[in-house]
Amino acid sequence: MSILTIRNCLDPVLRRKCGVIQNIDERLVTLSADMIETMYECVGVGLAANQVGESSQLIVVDMGFGTDKHDPVVIVNPVITASEDEEIDQEGCLSIPDIFADISRFKRVEAKGVDLNGKDVRYEVADYLARAFQHELDHLNGKLFWDMLSKVKRDILKRKFKKKIKEMKA
Ligand SMILES: [Zn+2]
């Protein structure tokens with residue numbers, strides 16, 4: 001297993017809609033394992049494949065978030081099939097390091113997809129995990145969390161982010 005490089009929000013791969021996965025092969029299994037390792041290394045709750053440069057509809061999420069155990073799941077071609085209630089909470093993104101904003105999301109969602117064995121899976125999640133699911137599915141559609149904000153707010157965060165990147169390179 002290896003730690004993958006997380007693409008930042010300036011990378012065009014994060015703006016493209018990811019392709020539907022047609023067959024689950026050895027390469028995808030390895031990619032998933034590497035994504036899980038990378039997610040934990042970066043202390044994230046979820047990761048979408050395009051965040052590591054792979055434009056495919058695959059996410060990993062730590063279902064153990066909020067407990068003392070890791071419980072990673074891999075979902076291929078995930079879709080949100082039901083959602084209810086909304087709440088505003090702070091959100092960040094491994095592709096936009098150190099930038100946070102209050103974002104409104106559904107409080108509960110149901111998501112479906114298949115696992116690495118091609119078996120149908122269904123998850124019902126709430127609160128922060130529901131937020132993570134919506135955030136990662138947005139990634140697969142080429143969306144970033146700050147797209148939910150007004151242009152003025154987004155531009156302020158973008159400037160902050162670009163400044164941060166410059167400092168990191170300096
Ligand atoms: Zn993200």
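Among contacts between residues at least 6 apart in sequence, what percentage join residues at least 24 apart? In this predicted model, the share is 63%.

The protein contains three helices and five strands. Read along the sequence, these elements follow the pattern α-β-β-β-β-β-α-α. The C-alpha trace spans about 45 × 40 × 35 Å along its principal axes. For 170 residues, a compact globule would have a radius of gyration near 15 Å. The protein has 16 Å, which agrees with that expectation. Buried residues account for 29% of the 170 residues.

The five strands form an open sheet. Their order is 1-2-3-4-5, and the pairing is antiparallel. Strand 1 and strand 5 (120-126) stand at the edges. Each has a single partner strand, so one side of each is left without a neighbour in the sheet. Ignoring direction, neighbouring strands are turned by 40° against each other on average.

Two helices are placed against this sheet. Helix 1 packs on the sheet and touches strand 1, strand 2 and strand 3. The direction of helix 1 makes about 40° with that of strand 2. Helix 2 also packs on the sheet. Its contacts reach strand 1, strand 2, strand 3, strand 4 and strand 5. The direction of helix 2 makes about 95° with that of strand 4.

Strand 2 merits a closer look. Its pairing with strand 1 is antiparallel and runs over three bridges. Within these strands, Gly46 has Val61 of strand 2 as its bridge partner, and Leu47 has Val60. On the other pairing, strand 2 and strand 3 are joined in the antiparallel sense over five bridges. Here Val60 stands opposite Val74 of strand 3. Val60 thus appears in both pairings, with Leu47 and with Val74. Strand 2 is mostly covered, with five of its five residues buried. Leu58, Val60 and Asp62 point one way from the strand. Ile59 and Val61 point the other way. Residues of both groups are buried.

The largest nonpolar core has 29 residues. Those with the most contacts inside this core are Met35, Leu47, Ala49, Ile59, Val60, Val61 and Phe133. At least two core residues come from each of helix 1 (26-41), strand 1 (46-48), strand 2 (58-62), strand 3 (72-93), strand 4 (96-114) and helix 2 (127-140). Helix 2 supplies the largest share, six residues. Met35 illustrates the contacts of one such core residue. Leaving aside neighbours within four places in sequence, Met35 is in contact with Leu4, Leu47, Ala49, Val52 and Val60. Leu47, Ala49 and Val60 are themselves among the residues with the most contacts inside the core.

Helix 3 (residues 151-169) presents another picture. At 1.5 Å a residue, its 19 residues should span 27 Å. The end C-alpha atoms of helix 3 are 27 Å apart, which agrees. Of these 19 residues, the number buried is zero, so helix 3 lies largely in the open.

Technical notes: Residues are numbered from 1 along each chain as its sequence is written. This is a predicted model: local features need pLDDT of at least 70, side-chain atom pairs count only at pLDDT 80 or more; totals for chains, interfaces and linings use all residues. A nonpolar core is a set of buried Ala, Val, Leu, Ile, Met, Phe, Trp, Tyr and Cys residues joined through C-beta atoms within 7 Å. A residue is buried if 20 or more other C-beta atoms lie within 10 Å of its own, exposed if 12 or fewer, and partly exposed in between; C-beta atoms are placed from the backbone. Helices (H or I, at least four residues) and strands (E, at least two) are DSSP runs, numbered from the N terminus. Two residues are in contact if their C-beta atoms, placed from the backbone, lie within 7 Å. The expected span of a helix is 1.5 Å times one less than its number of residues. Two strands pair if DSSP finds at least two bridges between them. Axes are lines fitted to C-alpha atoms, for helices over the stretch in contact, and angles run from 0 to 180 degrees between N-to-C directions. The radius of gyration is taken over C-alpha atoms; the globule rule is 2.2 Å times the number of residues to the power 0.38.
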